[in-house]
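Colleague: Could you take me through the inside of this protein, and then through whatever sits around it? I'd like a close look at the core, in plain words.

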Amino acid sequence: MGTITEAPKLIALIEDDEDLATLVRMALEEAGSWRVVVMHDGDEAFKYLPKLQADLILLDVNLPGLDGISLYRILQGHRATRQTPVLLVTASQEWQLRRRGIETRSTAILRKPFDLDDLLERVEGMLAS
């Protein structure tokens with residue numbers, strides 16, 4: 001009888017900086033054997049995220065097109081994505097996020113610039129729960 005292996009978790013990375021997106025994608029795939037789908041703007045993410053069924057969404061706040069805060073609100077209200085954990089990646093300060101309507105106590109936030117080890121630790125924790 002064969003062993004049952006769990007399929008790798010799927011992470012959706014929405015980041016407009018192509019170099020950073022490539023670096024993060026490679027780090028995630030190597031460190032955790034996770035599958036990573038990269039999108040570079042909010043409009044593309046809005047179109048594909050509800051169908052993607054990602055296990056985790058890494059979402060840059062400052063995106064071209066539909067910005068990350070607006071996309072975050074849409075995802076929180078959408079039946080297919082409201083239970084999906086979201087890690088907001090931002091250079092904004094906590095007060096700036098609160099002013100834009102993001103409750104920072106209930107949302108996972110990673111500040112830019114970040115250390116890749118910190119990112120991987122946060123992702124592991126969020127995917128384990």
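**A close look at the core**

Modeller: Sure, and keep in mind that this is a predicted model. The largest nonpolar core has 19 residues, and those touching the most other members are Ala 12, Ile 14, Leu 49, Ile 57, Leu 59, Leu 71 and Leu 88. Strand S1 (10-14), helix H2 (42-52), strand S3 (56-60), helix H3 (68-77) and strand S4 (86-90) each give two or more residues to this core. H3 gives the most, with 4 residues. As background, nonpolar side chains in soluble globular proteins tend to be buried together.

Ile 57 is a handy place to stand and look around. Not counting neighbours within four places in sequence, Ile 57 is in contact with Ala 12, Ile 14, Leu 49, Leu 75, Thr 84, Pro 85, Val 86 and Leu 87. There's also a second, separate core of 17 residues, including Ile 11, Val 24, Leu 58 and Leu 120.

Now for the two helices. H2 and H3 pack with their axes 10 Å apart, at an angle of about 10 degrees. Angles under 35 degrees count as roughly parallel, so that's what we call H2 and H3. On the H2 side you'll find Gly 42, Ala 45, Phe 46 and Leu 49, and these meet Leu 71, Ile 74 and Leu 75 in H3. Sorted by type, the residues of this contact are 6 nonpolar, 1 polar and no charged.

Next, a charged residue: Glu 15, in the loop between S1 and helix H1 (18-32). The relative accessible area of Glu 15 is 4%, and buried means under 20%, so Glu 15 counts as buried. The side chain of Glu 15 reaches the backbone nitrogen of Asp 17 at 3.0 Å. Leaving out neighbours within four places in sequence, Glu 15 is in contact with Leu 20, Ala 21, Met 39, His 40, Asp 60, Leu 63 and Lys 112.

Lys 112 brings us to a backbone detail: the peptide bond from Lys 112 to Pro 113 is cis, with omega near -10 degrees. Pro 113 is in the loop between strand S5 (108-111) and helix H5 (116-128).

One last stop is Gln 53, in the loop between H2 and S3. Gln 53 isn't a glycine, yet has a positive phi of about 55 degrees. With 66% relative accessibility, Gln 53 counts as exposed, whereas Glu 15 is buried.

Terms used
Residues are numbered from 1 along each chain as its sequence is written. This is a predicted model: local features need pLDDT of at least 70, side-chain atom pairs count only at pLDDT 80 or more; totals for chains, interfaces and linings use all residues. Side-chain values use heavy atoms; hydrogens and water are left out. A nonpolar core is a set of buried Ala, Val, Leu, Ile, Met, Phe, Trp, Tyr and Cys residues joined through side-chain atoms within 4.5 Å. Buried means under 20% relative accessible area, exposed over 50%, partly exposed in between (1.4 Å probe, protein chains only). Contact means heavy atoms within 4.5 Å. A polar contact is a pair of N or O atoms within 3.5 Å; within protein, one must be able to donate a hydrogen and the other to accept it, and residues adjacent in sequence count only if both atoms are side-chain atoms. Axes are lines fitted to C-alpha atoms, for helices over the stretch in contact, and angles run from 0 to 180 degrees between N-to-C directions. Angles under 35 degrees count as roughly parallel, over 145 as roughly antiparallel, 65 to 115 as roughly perpendicular and the rest as oblique. Ala, Val, Leu, Ile, Met, Phe, Trp, Tyr, Cys and Pro count as nonpolar, Asp, Glu, Lys and Arg as charged, and the others, Gly among them, as polar.
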